[in-house]
Amino acid sequence: MEPGPVRCAEREGRVMASKVGTLQGHAMVLQIALCDIAPLIHRVVVVPSTITLPKLHVTILRAMGWSGGHLHEFVIDGIHYGEPDPLYPEPDLKSEQRIRLNKALGGGKDFGYLYDYGDSWWHAITVLAELPLQGRMSYPQCLDGANACPPEDVGGVPGYEDFLAAMADPKHTQHAHLRDWYGGPFDPKAFSLEDTAERLREIHL
């Protein structure tokens with residue numbers, strides 16, 4: 001039986017967090033799950049507990065398979081972090097620069113991440129474990145994952161569902177158009193641990 005879609009409580013800034021010890025010199029094992037899609041699209045990564053939010057943002061992109069180029073924000077303990085635009089200030093958005101994950105969590109275990117305000121890809125992120133670091137981590141690591149990341153600019157969850165239906169049916173009126181738009185066939189079950197690890201190795205911590 002396939003797992004149901006993850007529902008993201010963080011989209012409203014409501015934190016439902018259990019407490020874990022936040023320790024210096026430790027690594028965090030994080031599960032990153034894309035909300036509202038079944039079967040579950042997720043990755044399990046290991047990062048230093050002191051990773052900065054900008055580095056974590058890049059880690060999420062590379063682990064999931066997003067190409068980047070869209071706005072994002074974190075919602076941690078009810079606080080929104082991102083990249084404020086001085087021309088369009090948002091009073092509730094704090095700069096993510098120099099903010100470290102362990103400090104922002106303050107002992108919390110769950111937080112949210114939004115990628116692309118247009119498509120609104122919400123991710124539910126859970127701290128699965130904290131482990132002592134043996135030396136320094138040079139780059140994030142991926143332990144596990146399942147299913148392919150949706151294409152960029154596909155139209156969020158509803159657009160992705162329409163995309164999958166059209167790509168799976170050669171007789172669908174949009175099949176040829178979407179196959180050409182995507183650049184070929186699409187396998188929603190595709191996931192390569194090796195390819196993900198290679199992308200993460202490009203991130204210097």
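**Exercise 1. Find which residues Gln141 touches, setting aside those up to four places away in sequence.**

Solution. Start with the contacts: Gln141 touches Val44, Val45, Val46 and Leu200, where contact means heavy atoms within 4.5 Å. Before going on, please note that this is a predicted model, in which local features need pLDDT of at least 70, side-chain atom pairs count only at pLDDT 80 or more, and totals for chains, interfaces and linings use all residues. Residues are numbered from 1 along each chain as its sequence is written, and side-chain values use heavy atoms, with hydrogens and water left out.

Next, place the residue: Gln141 lies in strand β8 (residues 141-146). Helices (H or I, at least four residues) and strands (E, at least two) are DSSP runs, numbered from the N terminus. Then check the partner Leu200: it is 59 residues from Gln141 along the chain, yet their C-alpha atoms are separated by 6.6 Å. Finally, Gln141 counts as partly exposed because its relative accessibility is 39%; buried means under 20% relative accessible area, exposed over 50%, and partly exposed in between (1.4 Å probe, protein chains only).

**Exercise 2. Is His26 buried or exposed, and which residues is it in contact with beyond four places in sequence?**

Solution. His26 lies in strand β1. With a relative accessible area of 14%, His26 is buried. Its contacts, neighbours within four places aside, are Pro48, Ser49, Glu130, Leu131, Pro132 and Leu133. Take Glu130 from that list: its C-alpha atom and that of His26 are separated by 6.4 Å, with the two positions 104 residues apart along the chain.

**Exercise 3. Describe the whole chain.**

Solution. Count the elements: the protein chain has five helices and eight strands. Read from the N terminus, their order is β-β-α-β-β-β-α-β-β-β-α-α-α. Of the 205 residues, 44% are buried. Of the contacts between residues at least 6 apart in sequence, 70% join residues at least 24 apart.

**Exercise 4. Which residues have the most contacts inside the largest nonpolar core?**

Solution. A nonpolar core is a set of buried Ala, Val, Leu, Ile, Met, Phe, Trp, Tyr and Cys residues joined through side-chain atoms within 4.5 Å. The largest one here has 41 residues, and Leu30, Leu56, Phe74, Ile76, Leu101 and Trp121 have the most contacts inside it. Elements giving two or more residues include β1 (26-34), α1 (53-64), β7 (121-132) and α3 (156-168). The largest share, six residues, comes from α1. Now zoom in on Leu101: beyond four places in sequence, this residue touches Met28, Leu30, Ser49, Ile51, Leu53, Leu56, Ile76 and Phe111.

**Exercise 5. At what angle do α1 and α5 pack, and at what angle do α3 and α4 pack?**

Solution. Take the first pair: α1 and helix α5 (residues 193-200) pack at about 155°, with axes 8 Å apart. So α1 is roughly antiparallel to α5; angles under 35 degrees count as roughly parallel, over 145 as roughly antiparallel, 65 to 115 as roughly perpendicular and the rest as oblique. Axes are lines fitted to C-alpha atoms, for helices over the stretch in contact, and angles run from 0 to 180 degrees between N-to-C directions. Thr59, Arg62 and Ala63 of α1 meet Thr196, Arg199 and Leu200 of α5.

For the second pair, α3 and helix α4 (residues 175-182) pack at about 110°, with axes 8 Å apart. Therefore α3 is roughly perpendicular to α4. Phe163, Ala166 and Met167 of α3 make the contact with His175, Leu178, Arg179, Trp181 and Tyr182 of α4.
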